[in-house]
Amino acid sequence: MKIRQETTDWKDAPGTPNHIYLTEGNVLVGYIKSGEKKAFYFQRPKKQWSTARRKFRTLGKREIAELEL
């Protein structure tokens, strides 16, 4: 599982939050809302989720350890 935080600069919509996304390959299995630490998992993973036109960074081990996965 990859744990990635979105870093997209939303110039047209500056109030848009960047969440942390939990993925397996290209499938979105869950996410963590911006400012929170507890993960929400989908009952049915999202297969049509896309990373196009968005920027992400992979979280480090220390950051992952602080999350409630």
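The radius of gyration used here is taken over C-alpha atoms, and the globule rule sets the expected value at 2.2 Å times the number of residues to the power 0.38. The model in these exercises is a predicted one.

**Exercise 1. Overall dimensions**

Task: Determine what radius of gyration the protein chain has, and how that value stands against the one for a compact globule.

Solution: The chain has 69 residues, for which the rule gives a radius of gyration near 11 Å. The protein chain has 12 Å, which agrees with a compact globule. As a further description of the extent, the C-alpha trace spans about 30 × 25 × 20 Å along its principal axes. Of the 69 residues, 26% are buried, and the chain exposes about 5400 Å², with carbon and sulfur atoms supplying 48% of that area.

**Exercise 2. Order of elements and contacts along the chain**

Task: State in which order the helix and the strands follow one another, and what share of the contacts with a separation of 6 or more joins residues 24 or more positions apart.

Solution: The protein chain contains 1 helix and 5 strands. Read from the N terminus, the order is β-β-β-β-β-α. Among contacts with a separation of 6 or more, 39% are between residues 24 or more positions apart.

**Exercise 3. The setting of H19**

Task: Decide whether H19 is buried or exposed, and identify which backbone atom its side chain reaches.

Solution: Begin with the location, which is the loop between strand 1 (2-6) and strand 2 (20-24). The relative accessible area of H19 is 19%, and since buried means under 20%, the residue counts as buried. The side chain of H19 then reaches the backbone nitrogen of S34 at 2.8 Å. Beyond its neighbours within four places in sequence, H19 is in contact with R4, Q5, E6, I32, K33 and S34.

**Exercise 4. Two loop residues, A39 and R53**

Task: Classify A39 and R53 as buried or exposed, and describe the setting of each residue.

Solution: A39 is found in the loop between strand 3 (27-32) and strand 4, and at 13% relative accessibility it counts as buried. Not counting residues up to four places away in sequence, A39 touches L22, Y31, I32, E68 and L69. The C-alpha atoms of A39 and L59 are separated by 14 Å, the two residues being 20 residues apart along the chain. R53, for its part, lies in the loop between strand 4 (40-46) and strand 5 (56-58). With 82% relative accessibility, R53 counts as exposed. Finally, R53 has a positive phi of about 60 degrees although it is not a glycine.

Definitions and conventions
Residues numbered from 1 in each chain as written. Predicted model: local features only at pLDDT ≥ 70, side-chain atom pairs only at ≥ 80, totals over all residues. Heavy atoms only, no water. Helix = DSSP H or I, 4+ residues; strand = E, 2+ residues; numbered from the N terminus. Buried < 20%, exposed > 50% of the residue type's maximum accessible area, 1.4 Å probe, protein only. Contact = heavy atoms within 4.5 Å. Areas by Shrake-Rupley, 256 points an atom, 1.4 Å probe, with all protein chains shown as cover. Polar contact = N/O pair within 3.5 Å; in protein donor to acceptor, adjacent residues only side chain to side chain.
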